[in-house]
Amino acid sequence: MGRTGNLVDIATKMHYEGSKRKLKESQNMEGGDSLKKSLALLHGVINGKIGHGLEAIVLQGLHVIHAEKGFMRFDFVVPNIVSDADGNWSVGALALLLDVIGIVTIYSFANRLTSTVDFNVSYYSTIKIQEHVEIKSKVSANRRKLMHVVVEVRREGNGEVIAVGKLWTASNKLTFAQVSKL
């Protein structure tokens, strides 16, 4: 594996071991690699150290399969806690997951934090809790302070599209260290 594979291995190891020390080292990097910082950011969100806690609940069980600058692929088993009344993946929880993954993917590309300014989700199918999905996200436009990312969720196995999120984001003046303290 190349450098990207090593970064994914590091992020995965951090996720499973819950290493506070390694996360803190990643968060304190100045001018470091944007991909590594984006994976550290995602790890912080998954573990509830960054964000409001709701994101940690929605993202529980998210695994990075492949990561490179501006493109990420994930494996995810829809957890019980995000179910609606019918036992399907809640559309609100799915939308939150799309937003977080989109922002992390843009961070890997631009090495800066962004805020979502336009968010469109198309839902094509429902999916039950405990089903596997594959998630792909890709930066598709860079207009200086505005960036666009597409996040696609497909059912694992038959590849059926579940949802597609399209996000436009704008540069944010907050630094990675400042967000880590929120």
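The expected span of a helix is 1.5 Å times one less than its number of residues. Keep that rule in hand for the helix views below.

**Figure 1. Helix 3 (34–46) matches its expected span.** This is a predicted model, and helix 3 is a friendly place to start. Helix 3 has 13 residues, so at 1.5 Å a residue it should span 18 Å, and its end C-alpha atoms are indeed 18 Å apart. Is helix 3 mostly covered or mostly open? It is mostly covered, with 12 of its 13 residues buried. Among the buried ones are Ser34, Leu35, Lys37 and Ser38 towards the start of the list, and Gly44, Val45 and Ile46 towards its end. Just after helix 3 comes Gly48, which has a positive phi near 75°.

**Figure 2. The whole chain holds six helices and six strands.** Reading from the N terminus, the elements follow the order α-α-α-α-β-β-α-β-β-β-β-α. The chain has 182 residues, and buried residues make up 45% of them. Take the contacts whose separation is 6 or more: residues 24 or more positions apart account for 64% of these.

**Figure 3. Confidence varies along the chain, and residues 1–32 have a pLDDT below 50.** The protein chain averages a pLDDT of 83, and 77% of the residues score at least 70. Over residues 1–32 the pLDDT is below 50, although this stretch has 44 contacts in the model beyond near neighbours in sequence. Where pLDDT is low, the predicted coordinates should not be read in detail.

**Figure 4. Helix 5 (91–110) is largely enclosed.** Helix 5 has 20 residues and reaches 28 Å from its first C-alpha to its last, close to the 28 Å expected at 1.5 Å a residue. How many of its residues are buried? The count is 16 of the 20, so helix 5 is largely enclosed by the rest of the structure. As you look along any such helix, remember that an α-helix has 3.6 residues a turn, so residues three or four places apart point the same way.

**Figure 5. The largest nonpolar core has 40 residues.** Which members touch the most other members? They are Leu42, Leu62, Trp89 and Ile135. Several elements each supply at least two residues of this core: helix 3, strand 1 (63–68), strand 2, helix 5, strand 4 (132–143), strand 5 (146–155) and strand 6 (161–171). Helix 5 gives the most to this core, with 10 residues.

**Figure 6. Phe76 and Trp89 form the one aromatic pair counted in the model.** The ring centres of Phe76 and Trp89 are 5.5 Å apart and their planes meet at 40°, so the pair is tilted. This pair links distant parts of the chain: Phe76 is in strand 2 (residues 71–77), while Trp89 is in the loop between strand 2 and helix 5, 13 residues apart. Both partners are hidden from the surface by the cut-off of under 20% relative accessible area. Phe76 is buried, with a relative accessible area of 0%, and Trp89 is buried too, with 4%.

**Figure 7. Phe74 is a buried residue of strand 2.** Its relative accessible area is 1%, so Phe74 counts as buried. Which residues does Phe74 touch, leaving aside its neighbours within four places in sequence? Its contacts include Leu42, Leu62, His63, Val64, Ile65, Ile101 and Val133. Ser137 is another of these contacts. The C-alpha atoms of Phe74 and Ser137 are separated by 8.7 Å, although the two residues are 63 apart along the chain.

**Figure 8. The charged end of Lys69 sits over the ring of Phe109.** Look for the centre of the Phe109 ring: the charged end of Lys69 is 6.0 Å from it.

**Figure 9. Asn111 and Arg144 have a positive phi without being glycines.** Asn111 comes after helix 5, in the loop between helix 5 and strand 3 (114–123). Its phi is about 60°. Arg144 also has a phi of about 60°, and Arg144 is found in the loop between strand 4 and strand 5. How much of each residue is accessible? Asn111 counts as partly exposed, at 33% relative accessibility, whereas Arg144 counts as exposed, at 72%.

Notes
Residues numbered from 1 in each chain as written. Predicted model: local features only at pLDDT ≥ 70, side-chain atom pairs only at ≥ 80, totals over all residues. Heavy atoms only, no water. pLDDT = per-residue confidence, 0-100. Contact = heavy atoms within 4.5 Å. Phe/Tyr/Trp six-rings, centres within 6.5 Å; stacked < 30°, edge-to-face > 60°. Helix = DSSP H or I, 4+ residues; strand = E, 2+ residues; numbered from the N terminus. Buried < 20%, exposed > 50% of the residue type's maximum accessible area, 1.4 Å probe, protein only. Lys NZ or Arg CZ within 6 Å of the ring centre and 35° of its normal. Core = buried A, V, L, I, M, F, W, Y, C linked by side-chain atoms within 4.5 Å.
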